[in-house]
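Open your viewer, switch on the side chains and get ready to click through a short series of selections. Each stop tells you what to pick and what you will find there.

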Amino acid sequence: QVQLVESGGGSVQAGGSLRLSCVASGYPSVLKYMSWFRQDPGKEREGVAAAYFNSGQTYYVYADSAKGRFTISRVNAQNTVYLQMNGLKTEDTAMYYCAAGGSWFTSIETLLQSHTANYWGQGTQVTVSS
C-alpha cells in the first residue's frame, strides 16, 4: 500500500506562483510514475503533468494547459514529486491531486488519464484570483 500526501496549495493572484509537493510513503518502491491531476467542481478530473521513472531516467509529460508554465520534478531519495506552477491563471483554480501507479501503460501520455493511477492523495486546493 502507498500513501500520498500533498501540500503547498493556497490562494494567489493571477500571475503568481505556487509549488505543490507530494510525498509517497508505505511502499513507494513499487511506483513507476507519479502525476498531478486537478478538478474543479462540476468538471472532469484533468491530468496536468506526470513523471515516469525507469532505469535511472525520468521522463515527463504535460497537458497543453500546463506546458510552459508548470514544471514537474522528482526527488527520488525523498519519494517526493513537486509541481512548480508559474504564471497562474484564474482557470487554474481547482483541487489538485497527486496520483501514482506501478501498472503497465501504453504510452506516457496515458499517465494524464486518471484510470492509470493506482493511488491518490487527498488533494490540495489552489485558488487563483484576478
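**Rings, charges and a few serines**

Start by selecting Arg74 and Phe53: Arg74 lies over the face of Phe53, at 3.6 Å from the ring centre. Keep in mind throughout that you are looking at a predicted model.

Next, select Arg45 together with Trp120. Here is a second arginine over a ring, with Arg45 placed over the face of Trp120 at 4.6 Å from the ring centre.

Stay with the aromatic residues for a while. How many aromatic pairs does the structure hold? There are five. To read any of them, remember that a pair of aromatic rings is described by the distance of the centres and the angle of the planes.

Add Phe37 to your selection and look at its ring beside that of Trp120. The two centres are 5.0 Å apart and the planes meet at 55°, so this pair is tilted. Colour the strands and you will see that Phe37 belongs to β4 (residues 33-39) while Trp120 belongs to β10 (residues 119-120), so the pair ties together parts that are 83 residues apart in sequence. Now turn on the surface. Is Phe37 buried or exposed? Phe37 is buried, with a relative accessible area of 1%. Trp120, at 29% relative accessibility, counts as partly exposed.

Bring in Tyr97, another partner of Trp120. The ring centres of Tyr97 and Trp120 are 6.5 Å apart and their planes stand at 80°, so the pair is edge-to-face. This pair also links distant parts of the chain, with Tyr97 in strand β9 (residues 94-101) and Trp120 in strand β10, 23 residues apart. Tyr97 itself counts as buried, at 15% relative accessibility.

For the last aromatic stop, select Tyr33, Tyr52, Tyr59 and Phe105. Ring pairs link these residues into a cluster.

Now move on to two serines. Select Ser11, which is found in strand β2 (residues 10-13). Ser11 is exposed, with a relative accessible area of 64%. Then draw a distance from its C-alpha atom to that of Ser129: the two are separated by 7.5 Å, although they are 118 residues apart along the chain.

Finish at Ser55, in the loop between β5 (46-54) and β6 (57-62). Check the backbone here: phi of Ser55 is near 55°, a positive value in a residue other than glycine. This deserves a look because most residues other than glycine have a negative phi. With the surface still on, you can see that Ser55 counts as exposed, at 69% relative accessibility.

How values were computed
Residues are numbered from 1 along each chain as its sequence is written. This is a predicted model: local features need pLDDT of at least 70, side-chain atom pairs count only at pLDDT 80 or more; totals for chains, interfaces and linings use all residues. Side-chain values use heavy atoms; hydrogens and water are left out. Helices (H or I, at least four residues) and strands (E, at least two) are DSSP runs, numbered from the N terminus. Buried means under 20% relative accessible area, exposed over 50%, partly exposed in between (1.4 Å probe, protein chains only). Rings of Phe, Tyr and Trp (its six-membered ring) pair if their centres lie within 6.5 Å; planes under 30 degrees apart count as stacked, over 60 as edge-to-face and the rest as tilted. A charge sits over a ring if NZ of Lys or CZ of Arg is within 6 Å of the ring centre and within 35 degrees of the ring normal.
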